[in-house]
Amino acid sequence: MDVISLGETMVLFNPHSTGKMRYCQDFSTKVAGAESNTLIGLSKLGYQTGWISRVGKDELGARILSTLRGEGVDVSFVIRDEDASTGLFLKEKTNERHTKVFYYRKGSAASFMSKGDINEEYLASAKYLYITGITPALSSSCYESIFHSIKIAKKHGLKVVFDPNLRKTLWGEHEARETLIDVAKEVDIILPGISEGEFLFGEQTPEKICSQFHQLGVETVVVKLGEKGAYYSNKGETSYIEGYPVHKVVDPIGAGDGFAAGFLSGLLDHVSLQEAVKRGCAVGSIVVTVEGDIEGLPDKEELYHFMNAITS
Ligand code: CKP
Ligand code: MG
């Protein structure tokens, strides 16, 4: 395995029209979840990925498993929970520029994920553990699972990559801040956005956000700046990476997960940090031009052409 992740994946109801969700009659169903979005992105780029989670023993759970399996993600350690249902969420395209999400995931199968679901040998077979700040927000057993996975990863020499993915609707601000900082203290690489840096430290510049995370002991910090690109800081090396132009943003959700996939692919290929961050920016830019979180994720050839077309 190259990358293993744990987290919740849901069935997404994507509206066909703009405006309040209550008036939307038609939706398309898709599969989405921050961690599995990243794993699918990596799998499409040609890497070996594995997902640890729970889904319900229901039709939506079956849909999620067949989608992930179809995209090449290993799901052999996913548990089908007999007692709880698969979570779902709906998107609202409030207007052309704003998308909102409504979760129906409380008490979902994934929220019952626990430490015992993590097979040590399986996780130890990977090079990277990828986690996000959504999982510890789901339940106390999910919170424990995150710290347990980090412990196993460290014991076996895996690098831990963390996207804080702050979701204020899932937990209280105090608890979120405290937990995200506690997780950050344990990881090697962190991929925050500016708004997360501001939430955690009250800082608004990439430089100050990086310095705060370095003080917590994080070696590599990559601050995502949306269409402007990204800024990274690692052992004294810092740089801004320009974003790739996006003709039209169709669906901004999933950009961060795409970024993580592109970035991790660079690390797995041992390219320079600058080049890995560029890949992250490129995948993030491609993803937002397509409806859905995983549908726009490119394969290696598409990514290569996109990056070369822009830079040449
Ligand atoms: O930060 P992103 O827009 O890249 O993440 C989107 C995902 O897992 C989306 O798939 C959704 O299911 C979620 O984040 C979430 O739980 O909010
Ligand atoms: Mg994000």
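In helix α2 of this predicted model, the buried residues are Gly61, Ile64, Leu65, Thr67 and Leu68. When the helix is viewed down its axis, these buried residues of α2 fall within an arc of 165°, and so they line one face of the helix. On the other side of α2 lie Glu59, Arg69 and Gly70, which are exposed. Helix α2 covers residues 59-70, and its 12 residues, taken at 1.5 Å a residue, should span 16 Å; the C-alpha atoms at its ends are 16 Å apart, in agreement with that expectation. The helix is followed by Gly72, a residue whose phi is positive, near 95°.

A similar description can be given for helix α8. In this helix, formed by residues 206-216, the buried residues are Pro206, Ile209, Cys210 and Phe213. Viewed down the axis of α8, the buried residues fall within an arc of 100°, so that they line one face of the helix. The elements against which these buried residues pack are the helices α6 and α7 together with the strands β12 (189-190), β13 (220-224), β14 (229-234) and β15 (237-242). Just after α8 comes Gly217, which takes a positive phi of about 105°.

Helices α6 and α7, which both pack against the buried residues of α8, also meet one another. The axes of α6 (residues 173-184) and α7 (residues 194-201) come within 10 Å and cross at roughly 105°, an angle that makes α6 roughly perpendicular to α7, because angles of 65 to 115 degrees are counted in that way. On the side of α6, the contact involves Glu173, Ala176, Arg177, Leu180 and Ile181, and these residues meet Phe199, Leu200 and Phe201 in α7. By character, the residues of this contact between α6 and α7 divide into six nonpolar and two charged, with no polar residue among them.

Outside the helices, attention may be given to Asp117, which has its place in the loop between strand β9 (98-104) and helix α3 (120-124). With a relative accessible area of 9%, Asp117 is buried, since the limit for a buried residue is under 20%. When its neighbours within four places in sequence are left aside, Asp117 is in contact with Ile52, Arg54, Ile79 and Phe112.

Notes:
Residues numbered from 1 in each chain as written. Chains lettered and ligands numbered in written order. Predicted model: local features only at pLDDT ≥ 70, side-chain atom pairs only at ≥ 80, totals over all residues. Heavy atoms only, no water. Axes fitted to C-alpha atoms, helices over the stretch in contact; angles between N-to-C directions. Helix = DSSP H or I, 4+ residues; strand = E, 2+ residues; numbered from the N terminus. Parallel < 35°, antiparallel > 145°, perpendicular 65-115°, else oblique. Contact = heavy atoms within 4.5 Å. Nonpolar A, V, L, I, M, F, W, Y, C, P; charged D, E, K, R; others polar. Expected span 1.5 Å × (residues − 1). Buried < 20%, exposed > 50% of the residue type's maximum accessible area, 1.4 Å probe, protein only. Arc of directions from axis to C-beta.
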